[in-house]
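Let's take a walk through this chain, from the overall layout down to a few individual side chains. Keep the viewer open as you read.

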Amino acid sequence: MRRHGFLLLVRADRSQRSAMLSARAAGAALLVCAWVHAGRALYFHIEETERRCFIEEIPDETMVIGKYRTQLWEEQTSSFLPATPGLGMHVEIKDPETKIILSRQYGSDGRFTFTSHTPGEHQICLHSNSTKMALFAVGKLRVHLDIQVGEHTNNYPEIAAKDKLTELQLRVRQLLDQVEQIQKEQNYQRYREERFRVTSESTNQRVLWWSIAQTLILLATGAWQMKHLKGFFEAKKLV
C-alpha cells in the first residue's frame, strides 16, 4: 500500500510538472504571438511620383497609429541621411468601402491616427508631395513605417503616470485592453466567416441556376433538332 501510494504521488507530481511546463509554453507562445502582432515596422523605397499602398485588416472601432520617417540617399557618403524639412509625404487612408477617412499632408517625419468604423481591409497609401526634382536626383527615398493597432497604440507608462497606477493595476489595465482587443478580433473573424458563407451560398445558388439553364437549353435544342429532322425527312419523303 505504501509503495502504491508513493507511485501515485510520483505520478501526480509528474502531472503537475507537465501542466506547469505546458502553461509556461502556452504563455511563451502567447507572448511571441503578441510580439509578432505588435511588430509592424518596415521600410521601403519610392520615387518622386510613386505611390505605395498597404492593406491592413482592422476590426471595427479600433484605433490605429502610424509613424513614419524619410531618408534620402547621399552619394558622397553612400548612405541614407534624414530628409530635408522641405520634403513631405501625403497620407491617404480608405476604409473597406473605399471611402476616404484620412487625406493629409505631413512633413518628412510624421504621425497619423485614425479609428476604424467598418471592419475589413483598410488601404494606407503614401507618396511624396515634393515637386523638387533636385531632391530626387538619385531617385532613392527610403520611408520607415511603423503601424500600431488596438491596444498597442496605448502608451502605458504615460497612462500609469497620469492615473497614478501601481504596477499591478497597470498590468490589469493591459490585460483588460488585450481582452477587449481579442473580443474585437473574434467579432471580426465572425464577420468574415458570415461574409464568406453568404458569398459561398450566393455562388452555389448561381451555379445551380446556371446548371438548370444549361439543362433547359439542351432540352430546347434537342427538341428543335428533332422537329427540324422530322420536317426534313417528311420533305424528302423518307418517312
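How many helices and strands does the protein chain have? There are three helices and nine strands. Keep in mind that what you're looking at is a predicted model.

**The whole chain**

If you trace the protein chain along its sequence, the elements come in the order α-β-β-β-β-β-β-β-β-β-α-α. Of its 239 residues, 26% are buried. The accessible surface adds up to about 17,400 Å², and carbon and sulfur atoms own 58% of that. As for contacts, take those in the protein chain with a separation of 6 or more: 71% of them join residues 24 or more positions apart.

**Helix α2 and its two sides**

Now zoom in on helix α2, which covers residues 156–163. Which of its residues are buried? They are Y156, I159 and A160. Looking down the axis of α2, you'd find these buried residues within an arc of 100 degrees, so they line one face of the helix. What do the buried residues of α2 pack against? Their partner is α3, which spans 167–235.

Turn to the other side of α2 and you meet exposed residues instead: P157, E158, A161 and K162. Just after α2 comes K164, and its phi is positive, at about 55 degrees.

**Two residues on helix α3**

Helix α3 is home to I182, and W209 sits in helix α3 as well. Here's how the two come out for accessibility:

| Residue | Relative accessible area | Class |
|---|---|---|
| I182 | 47% | partly exposed |
| W209 | 54% | exposed |

Why does W209 count as exposed? Its relative accessibility is 54%, and the cut-off for exposed is over 50%. I182, at 47%, is partly exposed, because that class lies between the under 20% limit for buried and the over 50% limit for exposed.

I182 also lets you relate α3 to an earlier part of the sequence. I182 and E151 are 31 residues apart along the chain, and 9.8 Å separates their C-alpha atoms.

**A nonpolar patch on the surface**

W209 turns up again in a group of side chains. Which residues form the nonpolar patch on the surface? Along with W209, the members are L208, I212, L216 and L219. Together they have about 540 Å² of accessible area.

Terms used
Residues are numbered from 1 along each chain as its sequence is written. This is a predicted model: local features need pLDDT of at least 70, side-chain atom pairs count only at pLDDT 80 or more; totals for chains, interfaces and linings use all residues. Side-chain values use heavy atoms; hydrogens and water are left out. Buried means under 20% relative accessible area, exposed over 50%, partly exposed in between (1.4 Å probe, protein chains only). Helices (H or I, at least four residues) and strands (E, at least two) are DSSP runs, numbered from the N terminus. The arc is that of the directions from the helix axis to the C-beta atoms. Contact means heavy atoms within 4.5 Å. Patches are made of residues with over 30% relative accessible area and no salt bridge: like charges are joined within 9 Å, nonpolar side chains (Val, Leu, Ile, Met, Phe, Trp, Tyr) within 5 Å. Accessible areas come from the Shrake-Rupley method with a 1.4 Å probe; for residues, only the protein chains shown count as cover. A salt bridge is a side-chain nitrogen of Lys or Arg within 4 Å of a carboxyl oxygen of Asp or Glu.
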